[in-house]
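Me: I'd like to learn how to read a fold like this one, feature by feature. Can you walk me through it?

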Amino acid sequence: VQLQASGGGLVQAGGSLSLSCLASGTTFSNDAMGWFRQAPGKEREFVAAIRWSGGSPWYADSVKGRFTMSRDNAKKMVYLQMNSLKSEDTAVYYCAADPVGAVDDPEYNYWGQGTLVTVSS
């Protein structure tokens, strides 16, 4: 599985951005996709995850009510709509595929290259 994330950029606090991730290639075990982020000097943290088979996405408490993750199975795309952005959302955002364990655990078999989101206050 190869992952290509896009959509990062610079936005003012309170603004919105949308991230996309294309999952090309196939793997039988890839049942979920996740978004993680890593701010400078901090560990990578869970943002959201979703299963290809359906069901509601999972969200970190810090983004609930502001971020929405969705998927398009036919296009093998996942999206992260980010609204009401805050300066603390500034980070490199990574999409990931095929979790080893829990979907909020940053142990995934495949990672995208990351896309930078900068929120100015």
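Me: Let's start with strands. How many bridges pair strand E3 with strand E8, and in which sense?

Reply: Here's the general idea: strands of a sheet pair through backbone hydrogen bonds, either parallel or antiparallel. Keep in mind that this is a predicted model. In it, E3 (residues 17-24) and E8 (residues 77-82) are joined by six bridges and pair in the antiparallel sense. You can pick out individual partners too: Leu 19 sits opposite Leu 80 in E8, and Cys 21 has Val 78 of E8 as its bridge partner.

Me: And which strand does E1 pair with through five bridges?

Reply: That's E3, and E1 and E3 run antiparallel. Look for Gln 4, whose bridge partner in E3 is Leu 22.

Me: In what order do the strands of the whole sheet come?

Reply: Read across it as E1-E3-E8-E7, four strands in an open sheet with antiparallel pairing. Strand E1 (2-6) and strand E7 (67-72) are the edges; each has a single partner strand, so one side of each lacks a neighbour in the sheet. Going from one strand to the next, the twist averages 15°.

Me: Next, cysteines. Which ones form a disulfide here?

Reply: As a reminder, a disulfide is a covalent bond between the sulfur atoms of two cysteines. The count for this model is one disulfide. Cys 21 and Cys 95 make it, with their sulfur atoms 2.1 Å apart. The pair ties together distant parts of the chain, since Cys 21 belongs to strand E3 and Cys 95 to strand E9 (residues 91-99), 74 residues apart. The angle about the S-S bond is 60°, and the link is right-handed.

Me: Are those two cysteines buried or exposed?

Reply: Cys 21 is buried, and Cys 95 is buried as well.

Me: What about the largest nonpolar core: which residues have the most contacts inside it?

Reply: Look for Met 33, Trp 35, Leu 80, Met 82 and Tyr 93, in a core of 36 residues. Several strands supply at least two residues each, among them E1, E3, strand E4 (32-38), E8 and strand E11 (115-120). Try Met 82 as a worked case: beyond four places away in sequence, the residues it touches include Leu 17, Leu 19, Phe 67, Tyr 93 and Val 117.

Me: I clicked on Arg 37. Where is it, and how buried or exposed is it?

Reply: Arg 37 lies in strand E4. Its relative accessible area is 5%, so it counts as buried, the cut-off being under 20%.

Me: Which side chains make polar contacts with the Arg 37 side chain?

Reply: One is the side chain of Glu 45, at 2.6 Å. Another is that of Asp 89, with a polar contact of 2.9 Å. If you set aside neighbours within four places in sequence, Arg 37 is also in contact with residues including Val 47, Ser 62, Phe 67, Ala 91 and Tyr 93.

Me: Last one: where does Gly 8 sit, and what is it in contact with?

Reply: Gly 8 is in the loop between E1 and strand E2 (9-12). At a relative accessible area of 32%, Gly 8 is partly exposed. Apart from neighbours within four places in sequence, Gly 8 contacts Leu 19, Thr 115, Leu 116 and Val 117. You can also check its C-alpha against that of Leu 80: the two residues are 72 residues apart along the chain, and their C-alpha atoms are separated by 11 Å.

Notes:
Residues numbered from 1 in each chain as written. Predicted model: local features only at pLDDT ≥ 70, side-chain atom pairs only at ≥ 80, totals over all residues. Heavy atoms only, no water. Pairing = 2+ DSSP bridges. Axes fitted to C-alpha atoms, helices over the stretch in contact; angles between N-to-C directions. Disulfide = S-S within 2.5 Å. Buried < 20%, exposed > 50% of the residue type's maximum accessible area, 1.4 Å probe, protein only. Core = buried A, V, L, I, M, F, W, Y, C linked by side-chain atoms within 4.5 Å. Contact = heavy atoms within 4.5 Å. Polar contact = N/O pair within 3.5 Å; in protein donor to acceptor, adjacent residues only side chain to side chain.
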